[in-house]
Amino acid sequence: MKKSVLTRYRVMAYVTAVMLLVLSTCMVFKYGFEKGEDVTLVVSQVHGFLYMIYLIFAFDLGSKAKWSFGKLLWVLLSGTIPFAAFFVERKVTEQVEPLVEGSEPAVAKA
């Protein structure tokens, strides 16, 4: 598997997670303080668009890493739970990095 597959998943996982936190904050202001309705609309649409890109990249990574359906579903849904994507991304990276081309440990020659 190419390193770029993992890299683009990681980037979108972080971007999606941050946008979800921003969206959650906007929702608190919208429904708790009745402020920022326009900002919430824009942020929700941006997050939705970025989440769709995240789904594509996560599915691509999962298919190349040959994940089970349950694991793939958990990774896909982690973009909808605040803070979950940060932890899932870290765990996925640890598990997938050994599968990346060129990640074999260097062999010392005597």
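**Why the tyrosines get their labels**

Trainee: Why is Tyr9 called buried?

Mentor: This is a predicted model, and in it Tyr9 has a relative accessible area of 0%. Buried means under 20%, so Tyr9 makes the cut.

Trainee: And what makes Tyr54 count as buried?

Mentor: Check it against the same cut-off, under 20%. Tyr54 comes in at 1% relative accessibility, so buried is the right word.

Trainee: What about Tyr51, why is that one called buried?

Mentor: Tyr51 has a relative accessible area of 15%. That is under 20%, so Tyr51 is buried as well.

Trainee: OK, on to the rings. How do you know that Tyr9 and Tyr54 are a pair, and why is the pair called tilted?

Mentor: A pair of aromatic rings is described by the distance of the centres and the angle of the planes. Here the centres are 5.9 Å apart, and rings pair if their centres lie within 6.5 Å, so this is a pair. The planes sit at 35°. Stacked needs under 30 degrees and edge-to-face needs over 60, so what remains is tilted.

Trainee: What makes this pair a link between distant parts of the chain?

Mentor: Tyr9 belongs to helix α1, while Tyr54 belongs to helix α2 (residues 37-65), and the two are 45 residues apart.

Trainee: Why is the pair of Tyr51 and Tyr54 called stacked, then?

Mentor: Look at the planes of those two rings: they are at 25°. Under 30 degrees counts as stacked, so that's the label for this pair, whose centres are 5.9 Å apart. Along the chain, Tyr51 and Tyr54 are separated by about one helical turn, because they are three residues apart in helix α2.

Trainee: Which residues form one aromatic cluster?

Mentor: Tyr9, Tyr51 and Tyr54 do. A search of the whole structure finds four aromatic pairs, including the two we just went through.

Trainee: Let's go back to α1. How do you know how it runs relative to α4?

Mentor: Helix α1 (residues 3-32) and helix α4 (residues 84-96) pack at about 170°, with axes 9 Å apart. Over 145 degrees counts as roughly antiparallel, so that is what α1 is to α4.

Trainee: Which residues of α1 meet α4?

Mentor: Tyr9 is one of them, and Leu6, Arg10 and Tyr14 are also among them. On the α4 side, they include Phe86, Glu89 and Arg90. By class, this contact has twelve nonpolar, one polar and three charged residues.

Technical notes. Residues numbered from 1 in each chain as written. Predicted model: local features only at pLDDT ≥ 70, side-chain atom pairs only at ≥ 80, totals over all residues. Heavy atoms only, no water. Axes fitted to C-alpha atoms, helices over the stretch in contact; angles between N-to-C directions. Helix = DSSP H or I, 4+ residues; strand = E, 2+ residues; numbered from the N terminus. Parallel < 35°, antiparallel > 145°, perpendicular 65-115°, else oblique. Contact = heavy atoms within 4.5 Å. Nonpolar A, V, L, I, M, F, W, Y, C, P; charged D, E, K, R; others polar. Phe/Tyr/Trp six-rings, centres within 6.5 Å; stacked < 30°, edge-to-face > 60°. Buried < 20%, exposed > 50% of the residue type's maximum accessible area, 1.4 Å probe, protein only.
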